[in-house]
Amino acid sequence: MMELLDILTAPAFWTAVLRIATPLILGTLGVLLCERAGVLNLGIEGIMVAGAFSGWLAVYLGLPLWAGVGVAALTGAVFGLLHAFLTVGLALSQHVSGLGITLLATSLSYYGYRVSFPKVDTPPTVTPFAPMQWLDGTGLTALAAQTPMTLLALLLVPTIGWVLYRTPAGLAIRMVGENPQAAEGQGVSVAATRTVAIVAGSALMGVAGAFLTLSAFNAFFFNMVNGRGWVCVALVVFASWRPGKALLGALLFAFFDALQLRLQTAGIVNVPYQLYLMLPYVLSILALVLVARKAAYPQALMKPYRKGER
């Protein structure tokens, strides 16, 4: 019991929680924007891979770190535009389009890596973002050990909340996700609003991927996203499509993930390590089941809309 208490009170543990949560926060906010507008985006897993690769490659070729983040966001936006064209413009299946984009983005990224570095066994490295040392001495030990991308993710939570609930643009996004016919009746372009939301959300997914190669690590390697995109899709449901709860859900999953890593190291309970690996997913599924039963999802989610239809 004392060993568990030592783990939970160690500053390094909470530093790890914030680091693990950062890509989940960014990705979850991206999915939330898409789904608030009524469009499911299962392309997140591939978009994160593409953002991780393009941002890292841009920095490797000489661009500044923040420019690399911008390239990752632009990459995500391009795939988001493709998803919008297929699901909004052509009204195709959102599931099929999203999964197709995941396969396309992942394959293009891996192919681009092999073409760019055909004879490299070890991935080339870049100099990642440095921790925010200017926060040393403020008492925010866990935050001071993070990079500026974590601070960006945390600031985006209230920003997106403000946009969704305090601005006309946010009202339009929520309207097209709840009742696109009513939105059209008020002069709101459903297609344009959904497209903008998908592109913006996909750009955040690309930035989430860039965090992995430009902040958490310093190189790109295969399978580094490792299912984080699917976790983000589940976290949106856990959050009931609210940014504040999305932050809480990301931190909760990161807490369980960081805990299982330290439980393995400490060897408090002698069980197969696979059980520790399952811990964050099992507990997250349990929390999802308990919360999702009462979740009020956008009424037009996954429902194609054609102008003039009733």
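**A walk from a loop to the core**

Let's start with Asn226, which sits in the loop between α10 and α11 (228-238). Keep in mind as you look around that this is a predicted model. Asn226 has a positive phi of about 55°, even though it is not a glycine. Why is that worth a glance? Most residues other than glycine have a negative phi. Is Asn226 buried or exposed? Its relative accessibility is 58%, so Asn226 counts as exposed.

Now move along to Ser240, found in the loop between α11 and α12 (243-266). Here again you meet a residue that is not a glycine but has a positive phi, of about 55°. The surroundings of Ser240 are another matter: with 12% relative accessibility, it counts as buried, because the cut-off for buried is under 20%.

Next, look at a pair of helices. Helix α4 covers residues 65-89 and helix α10 covers residues 190-216, and their axes come within 6 Å. Those axes cross at roughly 140°, which makes α4 oblique to α10. If you're wondering why that isn't called roughly antiparallel, the angle would have to be over 145 degrees for that name. The crossing of α4 past α10 is right-handed. And what kinds of residues make up the contact of α4 with α10? By class, there are 15 nonpolar, eight polar and one charged.

Time to go inside. The largest nonpolar core has 84 residues, and Trp56, Leu214 and Phe220 are the ones with the most contacts inside it. Helix α2 (residues 11-36) gives this core its largest share, 13 residues. Apart from that core lies another one, made of six residues, including Leu18, Met132, Leu135 and Ala142.

Leu214 is a nice one to zoom in on. Which residues does Leu214 contact, if you leave aside neighbours within four places in sequence? Trp56 is one of them, and so are Gly55, Val59, Leu65, Gly68 and Val69. Val126, Pro128 and Phe129 are in contact with Leu214 too.

Our last stop is Thr15, which lies in helix α2. Thr15 has a relative accessible area of 13%, so it is buried. Skipping residues up to four places away in sequence, Thr15 touches Thr141, Ala142, Ala145 and Gln146. You may recognise Ala142 from earlier: it is among the residues of the six-residue core.

Note on methods:
Residues numbered from 1 in each chain as written. Predicted model: local features only at pLDDT ≥ 70, side-chain atom pairs only at ≥ 80, totals over all residues. Heavy atoms only, no water. Axes fitted to C-alpha atoms, helices over the stretch in contact; angles between N-to-C directions. Helix = DSSP H or I, 4+ residues; strand = E, 2+ residues; numbered from the N terminus. Parallel < 35°, antiparallel > 145°, perpendicular 65-115°, else oblique. Left-handed = near helix turned anticlockwise from the far one by under 90°. Nonpolar A, V, L, I, M, F, W, Y, C, P; charged D, E, K, R; others polar. Core = buried A, V, L, I, M, F, W, Y, C linked by side-chain atoms within 4.5 Å. Buried < 20%, exposed > 50% of the residue type's maximum accessible area, 1.4 Å probe, protein only. Contact = heavy atoms within 4.5 Å.
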